[in-house]
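Hi,

Here is the structure I promised to pass on. Have a look at it first, and then read my notes below.

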Amino acid sequence: MSTTSLISSLFRAEIQSMSAYKVADAHGFIKLDAMENPYHWPPELTEQWLTSLRHCELNRYPDPEAQRLIETLRCHDEIPKSVAILLGNGSDELIQLLLMALTPTQAVLAPAPSFVMYKQISQSLQLTYFAPSLCAEDFSLDVAHILQLIKQHQPALIFIAYPNNPTGNLFKAEDIHTILNASTGLVVIDEAYAPFANASFLPELPRYKNLLIMRTLSKLGLAGLRLGYLMGAVEIISQLNKIRLPYNINVLTQMTAEFALSHKQVFTEQTQLICQHRHWVFEQLQALPALTVFPSAANFILFKTPAQHADRIHAHLKKQGVLIKNMHSQGGLMQECLRVTIGTQEENKAFINALTNALITIN
Ligand SMILES: *Cc1c(COP(=O)(O)O)cnc(C)c1O
């Protein structure tokens, strides 16, 4: 039997027709495409961290429950004792875990555009996926449409990114409450960008049995560690915990995350700086002709270029050594849209200069 026929007889059709999640090669570029925190730690903190790693026993399996880390997170985010916490190898793994727990006949709903992994993983698991479009004017939730889909298909899981990626806006809290009340399934509020947004549904957890909150350390400044966490009712989290791989959070991640979170001040200062620079980048973008710039509560900004410009501007920026994210190929509301992550002020200036050049050259 040839490998091709082996694959087609063994693997699900959904997987065969999928394409792998591609990440652009950023080598040598000013990297403003992936919502990373651009700052490093003060050298003395790095020294302290390296010292702490000396006690790390790499020959032993990690604590399967990562109890100390969970307590550190509880303290860091002020998560009440009554709320259960599940850790994932990035929140990507938690999205996968949630979806893996469903039966394949069930449906999943997330507005479009939103975080690509919701759809990618749902489809790989043969789940039906509904993607009602956000409103074109302001990227708000089309509540009437969502309520209609809930009534018709009763999705087992609804994902709402708050703030939303790639649009950067916070949805109206009132709209999310309406969805929480109408949903017969679970509603996951994905707060990946919580460090930059002055808003959270965490205080609402006791009010809704079907609410789960998901966060990650990635956008805070620890993307390389891969640590996400899901919070919600003990009964729900303990079901999901059954399908978690026993040692999904490795020892280096456990130790480093505990260490990092006990130096909260460093991250608070960095995220505040990023928010200040977000304001600067927003104003600079708005001052450029012919761009529509969307307000953001996250560490990136989405903007729309004139017709037939996005691909050319993106390529031109790349030629100048600046890598941002081209959203145009996603189609729909993302046509002619580009997304830039807030970097150091030096990187932000380089980006604005490169973009100014690109606009002059192309026009
Ligand atoms: C970046 C991002 C994630 C993924 O975070 P990881 O913890 O790095 O896997 C999840 N949700 C949203 C909305 C994101 O933008």
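What follows is a walk through the sheets, the ligand site and a few backbone oddities.

One thing to keep in mind throughout: this is a predicted model.

**The seven-stranded sheet**

Let's start with the sheet that has seven strands. It is open, its pairing is mixed, and the strand order reads β2-β8-β7-β6-β5-β3-β4. At the edges sit β2 (84-88) and β4 (128-130), each of which has a pairing partner on one side only. Averaged over the sheet and ignoring direction, neighbouring strands are turned by 20 degrees against each other.

If you want to zoom in on one pair, try β3 (residues 107-109) and β4: they run parallel and are joined by three bridges. There you'll find L109 opposite F130 of β4. As a reminder, strands in a sheet pair through backbone hydrogen bonds, in either a parallel or an antiparallel way.

Two helices that pack on this sheet are worth a look. Helix α5 (residues 91-100) touches β2, β3, β5 (157-161), β6 (186-190), β7 (211-216) and β8 (228-232). The direction of α5 makes about 150 degrees with that of β7. Helix α10 (residues 234-241) also packs on the sheet, with contacts to β2, β6, β7 and β8. Its direction makes about 30 degrees with that of β2.

**The ligand site**

Which residues come nearest to the ligand? Out of the 13 residues around the ligand, they are D190, Y193, T216, S218 and K219.

Three of these names come back when you look at polar atoms:

- D190 has a polar side-chain atom 2.6 Å from a nitrogen atom of the ligand.
- T216 has a side-chain N or O atom 2.6 Å from an oxygen atom of the ligand.
- K219 has a polar side-chain atom 3.1 Å from a ligand oxygen atom.

How much of the ligand does the protein bury? On its own the ligand exposes 390 Å², and 94% of that is buried by the protein. The elements giving two or more residues to the shell are α5 and α9 (218-222), and α5 is the helix we just met packing on the seven-stranded sheet. Sorted by class, the shell holds four nonpolar, five polar and four charged residues.

**Backbone oddities**

Most peptide bonds are trans, and most residues other than glycine have a negative phi. With that in mind, here are three spots to check on your screen.

The peptide bond from A112 to P113 is cis, with omega near 0 degrees. P113 belongs to the loop between β3 and α6 (116-124). Another cis bond, again with omega near 0 degrees, leads from Y162 to P163, and P163 is found in the loop between β5 and α8 (173-182).

Then there is E78: this residue is not a glycine, yet its phi is positive, at about 50 degrees. E78 sits in the loop between α4 (67-77) and β2.

**The four-stranded sheet**

Further along the chain is an open sheet of four strands, ordered β9-β10-β13-β12, with antiparallel pairing. The edge strands here are β9 (292-293) and β12 (325-326), which each pair on one side only. Two bridges link β9 to β10 (residues 300-304) in the antiparallel sense, and K304 in β10 is the bridge partner of T292. Helix α12 (residues 264-287) packs on this sheet and touches β9 and β10. The direction of α12 makes about 10 degrees with that of β10.

Cheers

Terms used
Residues numbered from 1 in each chain as written. Predicted model: local features only at pLDDT ≥ 70, side-chain atom pairs only at ≥ 80, totals over all residues. Heavy atoms only, no water. Pairing = 2+ DSSP bridges. Axes fitted to C-alpha atoms, helices over the stretch in contact; angles between N-to-C directions. Contact = heavy atoms within 4.5 Å. Near = heavy atom within 4 Å. Polar contact = N/O pair within 3.5 Å; in protein donor to acceptor, adjacent residues only side chain to side chain. Areas by Shrake-Rupley, 256 points an atom, 1.4 Å probe, with all protein chains shown as cover. Nonpolar A, V, L, I, M, F, W, Y, C, P; charged D, E, K, R; others polar.
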